[in-house]
Amino acid sequence: MVTLIRQELFKLMHKKSTIIGTIALLLLMTIFAVFSKLQPSFSDPKGEFIAAYGGTSWVVFFMIAACSTIVAMEFQYGTIKELLYRKYYRGEILASKWITMFIYSLYFYVLSFIFSVILKMVLFNSKFSFSDIYTNDQSVMHVTLVTYAGSFVGLWLLLSLVLLLANVFKSSAAAISVGIVGYFATSIASSLMFMLINKWEWLKWNPLNMLNLSDQLSNSTVIGTLTRLSNTELVWGNLVYTGIFLFLGYLVFRRRNV
Amino acid sequence: MDDILTVKNLNKSFGKNKVLKDVSFNVQPGKVVGLVGPNGAGKTTIMKAVLGLFDFQGGSILINGKGVSITKHQALSEVGALIEYPGIYPFLTGMQHLELFADDTSTDKADIQNVIDELNIGSYINRKAKAYSLGMKQKLGIALALLNNPKFVILDEPMNGLDPKATKELRNLILDLAKKGTTFLISSHILSELEKLVDEIVVIDNGKIIKQTSMEDLSDSNGNYLVLTTTNDTKAREILSAEGVTLEKSDKLKIKKTSDDQLAGLIQLMSSHNINIVDVQHEQNDLETSLLDLLDNDQVKE
Ligand SMILES: Nc1ncnc2c1ncn2[C@@H]1O[C@H](COP(=O)(O)OP(=O)(O)OP(=O)(O)O)[C@@H](O)[C@H]1O
Ligand SMILES: [Mg+2]
């Protein structure tokens with residue numbers, strides 16, 4: 001298993017998209033921070049720091065792309081035979097890919113955090129300090145960490161769905177497109193969903209509603225009335241759905257002919 | 001000695017399409033076995049099943065006595081394979097491919113170098129694989145199959161895209177490894193090449209095994225002919241037919257060799273009709289002819 005994860009990380013590190021993703025993330029965050037520095041009247045320095053200067057939102061795209069390709073790539077290059085005929089169980093091979101993606105998402109989150117701190121110190125050092133109170137008697141740093149944790153859990157719900165879908169596609173490009181289009185579709189559908197939840201209470205347990213976790217954590221009063229779930233319920237909902245989607249992905253992958 | 005591979009009554013369908021029908025054959029350790037048959041006969045499907053890439057509807061596959069299926073792969077730890085076309089990551093170099101799949105970090109450096117030298121791929125091993133030609137990719141695929149000193153190697157059309165020199169080097173390498181005890185199962189359409197390699201041959205047509213035989217038996221059983229040239233071929237043909245000797249379809253007088261004193265009888269027969277035999281040639285069927293005969297007969301039976 002360790003061997004398999006090492007192999008996946010080796011491939012990931014040698015892919016061009018990895019280094020491009022990293023540079024793009026840092027660049028996008030810098031651009032965002034510089035703009036808000038130049039337009040102080042529109043900006044909320046603390047809020048932008050908490051949102052990693054857009055970093056955690058961009059990470060969603062990079063991770064959707066990475067998760068779509070990590071399985072589809074093997075089919076596209078014909079390397080799936082190489083992987084699967086060896087002595088490992090299929091479950092181990094799939095799990096090694098999940099774990100690699102988990103490590104990759106952690107890497108992006110840590111990178112976003114560290115770079116946010118750097119941007120803050122360089123551009124906004126005089127504006128606020130990490131221990132300032134942001135909302136509900138909580139410091140900026142505290143809110144930041146809670147927001148990161150919430151969006152990370154939500155990210156993984158989304159990624160588990162992408163990993164399931166990517167299993168069905170044999171080309172990376174198709175898998176990426178469906179992943180990203182699906183992501184936009186869900187954000188558009190969410191206002192419709194709130195209306196439906198208002199009508200049929202039990203719909204609050206649907207997986208799309210779970211994606212509101214990080215919004216609710218940073219702004220619980222407003223969103224909470226829409227989702228009709230407590231923070232704890234949302235966290236558990238996210239974890240359970242992530243588990244279900246990953247397991248479904250495993251069921252598809254286990255029996256797949258190559 | 002026990003078989004390294006035993007396939008028993010293997011059945012495989014894709015939907016309603018029965019692709020393998022009660023396929024049974026075995027491979028003994030240290031042997032080079034050829035798997036031949038027309039396009040779509042089921043060669044690749046058999047190999048994939050043996051590698052646990054497919055689930056199959058019935059029968060069993062044993063490697064070293066241990067069962068193999070889509071969920072049981074332990075027996076494959078000492079198997080190397082190249083199926084259809086090599087799986088290559090375009091963003092890695094050849095060397096990185098070898099490092100990626102090399103088993104054990106303490107011995108792999110020497111093993112990798114060994115494989116590179118044997119296949120003569122050192123000159124481009126450090127270039128990115130997306131810039132490789134067909135043959136270069138093929139050789140890298142073979143290198144990956146031979147990495148980690150597997151006991152049993154499965155190669156599906158390994159000569160695909162190789163130039164004559166590389167083909168010869170590959171042949172020598174396979175024979176060399178076989179001498180040291182590695183077992184091979186090889187499919188190929190290049191029969192003239194396969195002929196020089198294999199000890200045994202498994203013929204498959206339409207999802208059924210129609211023959212498993214050693215190379216010697218194959219050429220002995222349907223491979224030896226006498227070709228006569230006489231002073232009067234037309235008359236000789238009539239006489240032979242009248243005597244009940246079967247002539248092969250040919251514009252020459254071609255007779256299947258059945259025994260060693262057959263020729264003496266023929267000479268006697270001819271001279272009793274005042275025909276002189278001016279030349280006798282011994283013809284041996286090559287694998288191609290034997291195989292085509294076999295497949296023809298198979299179709300006749302059906
Ligand atoms: N994934 C698949 N889905 C449906 N049918 C398949 C699939 N793979 C193979 N087949 C069918 O199985 C049969 C055997 O195919 P296979 O690839 O084993 O032939 P082969 O002997 O390797 O032929 P070739 O010499 O052309 O490589 C063919 O009729 C083919 O159409
Ligand atoms: Mg084939």
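The following dialogue explains how several terms apply to this predicted model.

Guide: This is a predicted model, in which local features need pLDDT of at least 70 and side-chain atom pairs count only at pLDDT 80 or more, while totals for chains, interfaces and linings use all residues. Residues are numbered from 1 along each chain as its sequence is written, chains are lettered from A and ligands numbered from 1 in the order in which they are written, and side-chain values use heavy atoms, without hydrogens and water.

Visitor: Why is Trp202(A) called exposed?

Guide: Exposed means over 50% relative accessible area, buried under 20%, and partly exposed in between, with a 1.4 Å probe and protein chains only. Trp202(A) has a relative accessible area of 59%, and is therefore exposed. Trp202(A) is found in the loop between helix H8 (172-199) and helix H9 (207-210) of chain A; helices are DSSP runs of H or I with at least four residues, strands are runs of E with at least two, and both are numbered from the N terminus.

Visitor: What makes a set of residues a nonpolar core?

Guide: The term denotes buried Ala, Val, Leu, Ile, Met, Phe, Trp, Tyr and Cys residues joined through side-chain atoms within 4.5 Å. The largest such core has 139 residues, and Leu5(B), Ile154(B), Phe184(B) and Leu185(B) have the most contacts inside it. Helix H6 (residues 90-123) of chain A gives the most to this core, with 13 residues. A second, separate core of 11 residues includes Leu228(B) and Met270(B).

Visitor: How do you know that strands E6(B) and E7(B) pair?

Guide: Two strands pair if DSSP finds at least two bridges between them. Four bridges join E6 (residues 79-82) to E7 (residues 152-156) of chain B, so the condition is met, and the strands run parallel. Gly80(B) stands opposite Val153(B) in E7(B). From E6(B), Val79(B) and Ala81(B) point one way and Gly80(B) and Leu82(B) the other way, and all are buried.

Visitor: What makes the approach of Lys43(B) to ligand 1 a polar contact?

Guide: A polar contact is a pair of N or O atoms within 3.5 Å; within protein, one must be able to donate a hydrogen and the other to accept it, and residues adjacent in sequence count only if both atoms are side-chain atoms. An oxygen atom of ligand 1 is 2.7 Å from an N or O atom in the side chain of Lys43(B), so the pair qualifies. For the side chain of Thr45(B), the corresponding distance from an oxygen atom of ligand 1 to an N or O atom is 2.5 Å.
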